[in-house]
Amino acid sequence: GGRTLRNDGGVIAVEAGRSFSWRTTAGADADGSRTVAPLGDDRCRVTLSLRVRPHGVERLLVPLYRRMLAKGLASDAATLCTALERRTAASA
């Protein structure tokens, strides 16, 4: 909604070079993961997962939260793509 919210959390699982999962320990009730799956010599699939469980009155805002979080994940994916493209161009 135009502002950044910070939550405490921790990484709960790591598969080196492939994925990690996390969950919050304070703030929003949420968890998620990031996974990279190789698709060939120069391609991979990145999956960003986020699950937020609103409580009480916050449940009324689920449609708004869904749009905001989807936009944030799409922005994160675009930032990652740009960084990878720059890295590839620099190494060529």
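In the predicted model, Val-62 belongs to helix α1. The residue is partly exposed, its relative accessible area being 24%. The C-alpha atoms of Val-62 and Val-52 lie 9.5 Å apart in space, with a separation of 10 residues along the sequence.

Helix α1, which spans residues 62-91, is one of the elements that contribute at least two residues each to the lining of the largest pocket. The others are the strands β1 (8-15), β2 (19-26), β3 (30-38) and β4 (44-52). The volume of this pocket is about 1100 Å³. Its lining comprises 29 residues, of which Leu-5, Asn-7, Leu-50, Val-52 and Leu-69 are the closest to the pocket centre. Among the contributing elements, α1 gives the most to the lining, namely eight residues. Classified by residue type, the lining of the largest pocket consists of 12 nonpolar, 10 charged and seven polar residues.

The second largest pocket encloses about 170 Å³. Strands β3 and β4 and helix α1 each provide at least two of its lining residues, and α1 again accounts for the largest share, with four residues. The lining is formed by Arg-34, Thr-35, Val-36, Cys-44, Val-46, Leu-48, Asp-76, Ala-77, Leu-80 and Leu-84. Seven of these residues are nonpolar, two are charged and one is polar.

Cys-44, one of the residues lining the second largest pocket, was also considered in the search for disulfides. No disulfide was found anywhere in the structure, the search returning zero. For Cys-44, the nearest cysteine sulfur is that of Cys-81, at a distance of 9.6 Å. Because the two sulfur atoms of Cys-81 and Cys-44 are 9.6 Å apart, they are too far from each other for a bond, given that a disulfide requires sulfur atoms within 2.5 Å. With respect to solvent accessibility, Cys-44 is partly exposed, at a relative accessible area of 38%. Cys-81 is likewise classed as partly exposed, with a relative accessibility of 38%.

Electrostatic contacts between side chains were examined next. Four salt bridges are present in the structure. One of them joins Arg-18 to Glu-15, with a distance of 3.5 Å between the closest N and O atoms. Both partners are partly exposed: the relative accessibility of Arg-18 is 34%, and the relative accessible area of Glu-15 is 42%.

A further salt bridge connects the side chains of Asp-29 and Arg-53, at an N to O distance of 2.9 Å. This pair links distant parts of the chain, since Asp-29 is located in the loop between β2 and β3 and Arg-53 in the loop between β4 and α1, 24 residues apart. Asp-29 is partly exposed, having a relative accessible area of 28%, and Arg-53 also counts as partly exposed, at 30% relative accessibility.

Arg-53 additionally forms a salt bridge with Asp-31, in which the closest N and O atoms are 2.8 Å apart. Asp-31 is part of strand β3, whereas Arg-53 occupies the loop between β4 and α1; the pair therefore ties together parts of the chain separated by 22 residues in sequence. Asp-31 is assigned as buried because its relative accessibility is 17%, which falls under the 20% limit for that class. Together with Arg-51, the residues Asp-29, Asp-31 and Arg-53 are linked in a network of salt bridges.

Conventions: Residues are numbered from 1 along each chain as its sequence is written. This is a predicted model: local features need pLDDT of at least 70, side-chain atom pairs count only at pLDDT 80 or more; totals for chains, interfaces and linings use all residues. Side-chain values use heavy atoms; hydrogens and water are left out. On a 1 Å grid over the protein atoms alone, a cavity is a set of points where a 1.4 Å probe fits but cannot get out, and a pocket is an open set with protein on both sides within 12 Å along at least five of seven lines; lining residues have an atom within 4 Å of a point. Grid points are joined across faces, edges and corners, and a volume is the space filled by probe spheres set on the points. Ala, Val, Leu, Ile, Met, Phe, Trp, Tyr, Cys and Pro count as nonpolar, Asp, Glu, Lys and Arg as charged, and the others, Gly among them, as polar. Buried means under 20% relative accessible area, exposed over 50%, partly exposed in between (1.4 Å probe, protein chains only).
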